[in-house]
Amino acid sequence: QVQLVESGGGLVQAGGSLRLSCAASGRAFSSYGMGWFRQAPGKEREFVAAISRGGSSTYYKDSVKGRFTISRDNAKNTALLQMNSLKPEDTAVYYCAAAYGFRTSSWSSDAVPAVDYWGKGTLVTVSS
C-alpha cells in the first residue's frame with residue numbers, strides 16, 4: 001500500500017518556477033512508477049509527467065517538455081516535479097500518482113482509471 005501527499009503548490013508569476021514534492025509512505029514505493037497529473041477548472045484530469053521505478057526513464061506531456069523535470073529519490077520515498085518557465089495555462093490542481101506495471105511510455109490522460117494511488121492534490125496558480 002502507498003499513501004501520497006503533495007506539497008509545494010502556490011501562486012507564482014508567469015515565467016517563474018515552483019517545485020512540487022510527493023511524499024510517499026509504504027514499503028513498496030520503489031515498485032511503482034510515479035507520475036503527475038493536473039486538473040484545471042472545468043477540464044478533465046490530464047497527464048503531465050512520469051518516471052519509471054528506478055528513475056531511468058521519463059515521459060512528458062508535449063506542452064511541458066523542456067520546462068518541467070520529474071525525478072525521484074527511492075531512498076527518501078519522494079517524487080519531485082520541478083516546474084520552470086510557468087505559464088498561466090499551467091494553472092491547475094496537481095496530483096501525484098503511483099501505478100504498478102506501467103511502462104513509462106504508456107502514461108497518458110487515458111490512464112487515469114488505472115492509476116493505483118492518488119494524492120489529494122496541490123494547487124498551482126500562475127498569474128500573468
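**Exercise 1. Place A50.** In which strand is A50 found?

*Solution.* A50 is found in strand β5, residues 46-51. Strands here are DSSP runs of E, at least two residues long, numbered from the N terminus. The model is predicted: local features need pLDDT of at least 70, side-chain atom pairs count only at pLDDT 80 or more, and totals for chains, interfaces and linings use all residues. Residues are numbered from 1 along each chain as its sequence is written, and side-chain values use heavy atoms, with hydrogens and water left out.

Next, take the surroundings. A50 has a relative accessible area of 0%, so A50 is buried. Buried means under 20% relative accessible area, exposed over 50%, and partly exposed in between, with a 1.4 Å probe and protein chains only. Setting aside residues up to four places away in sequence, A50 touches M34, G35, S57, T58, Y59, I70, T104 and W107. Contact means heavy atoms within 4.5 Å. L80 lies 30 residues from A50 in sequence and 10 Å away in space, C-alpha to C-alpha.

**Exercise 2. Work outward from β5.** Find the pairing of β5 with β4 and with β6.

*Solution.* Start with cover. In β5, 5 of the 6 residues are buried.

Now pair the strands. Two strands pair if DSSP finds at least two bridges between them. Strand β4 (residues 33-39) meets β5 in the antiparallel sense over 5 bridges. R38 has E46 in β5 as its bridge partner. The two strands form a hairpin with 6 residues between them, and G42 in the turn has a positive phi of about 75°.

Turn to the β6 side. β5 and β6 run antiparallel and are joined by 3 bridges. Here A50 has Y59 as its bridge partner. This hairpin also has 6 residues between its strands, with G55 in the turn at a positive phi of about 85°.

**Exercise 3. Trace the aromatic pairs.** Which residues do ring pairs link into a cluster?

*Solution.* Apply the rule first. Rings of Phe, Tyr and Trp (its six-membered ring) pair if their centres lie within 6.5 Å; planes under 30 degrees apart count as stacked, over 60 as edge-to-face and the rest as tilted. The whole structure yields 9 aromatic pairs. In F47 and Y59, the ring centres are 5.8 Å apart and the planes stand at 25°, so this pair is stacked. F47 belongs to β5 and Y59 to strand β6 (residues 58-60), so the pair ties together parts 12 residues apart in sequence. F47 is buried at 5% relative accessibility, while Y59 is partly exposed at 33%.

The cluster linked by ring pairs consists of F37, F47, Y59, Y95, F102, W107 and W118.

Then check for charges. A charge sits over a ring if NZ of Lys or CZ of Arg is within 6 Å of the ring centre and within 35 degrees of the ring normal. R45 places its charged end over the ring of W118, 4.6 Å from the centre. R72 does so over the ring of F29, at 4.6 Å.

**Exercise 4. Order the open sheet.** Which strands stand at the edges?

*Solution.* The open sheet has 4 strands, in the order β1-β3-β8-β7, with antiparallel pairing. β1 (3-7) and β7 (68-73) are at the edges, each with a single partner strand, so one side of each has no neighbour in the sheet. The twist averages 15° from one strand to the next; axes are lines fitted to C-alpha atoms, and angles run from 0 to 180 degrees between N-to-C directions.

Take the β1 edge. β1 pairs with strand β3 (residues 18-25) over 5 antiparallel bridges. E6 stands opposite C22 there.

Take the β7 edge. β7 and strand β8 (residues 78-83) run antiparallel, joined by 6 bridges. F68 stands opposite M83. Their hairpin has 4 residues between the strands, and N77 takes a positive phi near 55°. Side chains alternate along β7: F68, I70 and R72 point to one face and are buried, whereas T69, S71 and D73 point to the other and are not.

**Exercise 5. Characterise the disulfide.** Which residues form it?

*Solution.* A disulfide is a pair of cysteine sulfur atoms within 2.5 Å. The structure holds 1. C22 and C96 form it, with sulfur atoms 2.1 Å apart. The angle about the S-S bond is -85°, and the link is left-handed. C22 lies in β3 and C96 in strand β9 (residues 92-99), so the pair ties together parts 74 residues apart in sequence. C22 is buried at 1% relative accessibility; C96 is buried at 0%.
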